[in-house]
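Visitor: I'm new to reading protein structures. Could you walk me through this one?

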Amino acid sequence: RAMAETKLPDAHADARKDVAENGPIAVGLAKGRPSTALPARKTRSNKLGKRAKTIREVVREVAGLAPYEKRGIDLIKAGATEKRIYKVLKKRVGTHRRALQKREELKDLNSAMRRAEQMAKKAAEAKEK
């Protein structure tokens with residue numbers, strides 16, 4: 001069933017009416033000079049732009065993996081437990097959240113590499129036939 005849209009009473013309406021009639025006051029809910037609020041600023045924290053993303057991809061492609069990332073991938077390939085991989089990564093990256101993110105990133109990278117190997121293998125088989 002649809003709820004009727006009800007407007008709640010404004011708690012500061014009386015105080016604002018008082019300011020309108022008598023001018024600014026020093027105490028109470030409506031103390032100080034009346035002013036208009038500034039519009040809220042839009043935040044872009046933790047948003048990756050196109051340019052930064054492209055640069056990071058190029059750097060990753062050129063520079064390759066760091067030694068600790070290679071070790072993490074080796075652990076994933078060897079079938080180590082999630083906890084062991086986490087502990088190795090946490091020691092290097094410093095925080096719990098970063099270690100979890102890095103573990104997921106390395107898992108995705110490993111699966112992408114395996115997919116690429118399988119595609120190359122199928123292409124080689126198709127070329128032989």
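Visitor: Which exposed residues does the face of α3 turned away from its buried side carry?

Guide: Happy to help, and keep in mind that this is a predicted model. Residues count as exposed when over 50% of their relative accessible area is open. On the face of α3 turned away from the buried side, the exposed residues are P67, K77 and A78.

Visitor: Where around the axis of α3 do the buried residues sit?

Guide: Let's start with who they are: Y68, E69, G72, I73, L75 and I76 are buried in α3. A general rule helps here: an α-helix has 3.6 residues a turn, so residues three or four places apart point the same way. The buried residues cover an arc of only 155 degrees around the axis, which puts them on the same side of α3.

Visitor: What covers the buried residues of α3?

Guide: Recall that these residues include Y68 and I76. Their cover includes α2, α4 (82-93) and α5.

Visitor: How far apart are the end C-alpha atoms of α3?

Guide: Helix α3 runs through residues 67-78, which makes twelve residues. At 1.5 Å a residue they should span 16 Å, and the model agrees, because the end C-alpha atoms are 16 Å apart.

Visitor: Which element gives the largest share of the lining of the largest pocket?

Guide: The lining consists of L48, K53, R56, E57, V59, R60, K102 and E105. Two elements give two or more residues to this lining, α2 (50-63) and α5 (96-128). The largest share, five residues, comes from α2.

Technical notes:
Residues are numbered from 1 along each chain as its sequence is written. This is a predicted model: local features need pLDDT of at least 70, side-chain atom pairs count only at pLDDT 80 or more; totals for chains, interfaces and linings use all residues. Side-chain values use heavy atoms; hydrogens and water are left out. On a 1 Å grid over the protein atoms alone, a cavity is a set of points where a 1.4 Å probe fits but cannot get out, and a pocket is an open set with protein on both sides within 12 Å along at least five of seven lines; lining residues have an atom within 4 Å of a point. Helices (H or I, at least four residues) and strands (E, at least two) are DSSP runs, numbered from the N terminus. The expected span of a helix is 1.5 Å times one less than its number of residues. Buried means under 20% relative accessible area, exposed over 50%, partly exposed in between (1.4 Å probe, protein chains only). The arc is that of the directions from the helix axis to the C-beta atoms. Contact means heavy atoms within 4.5 Å.
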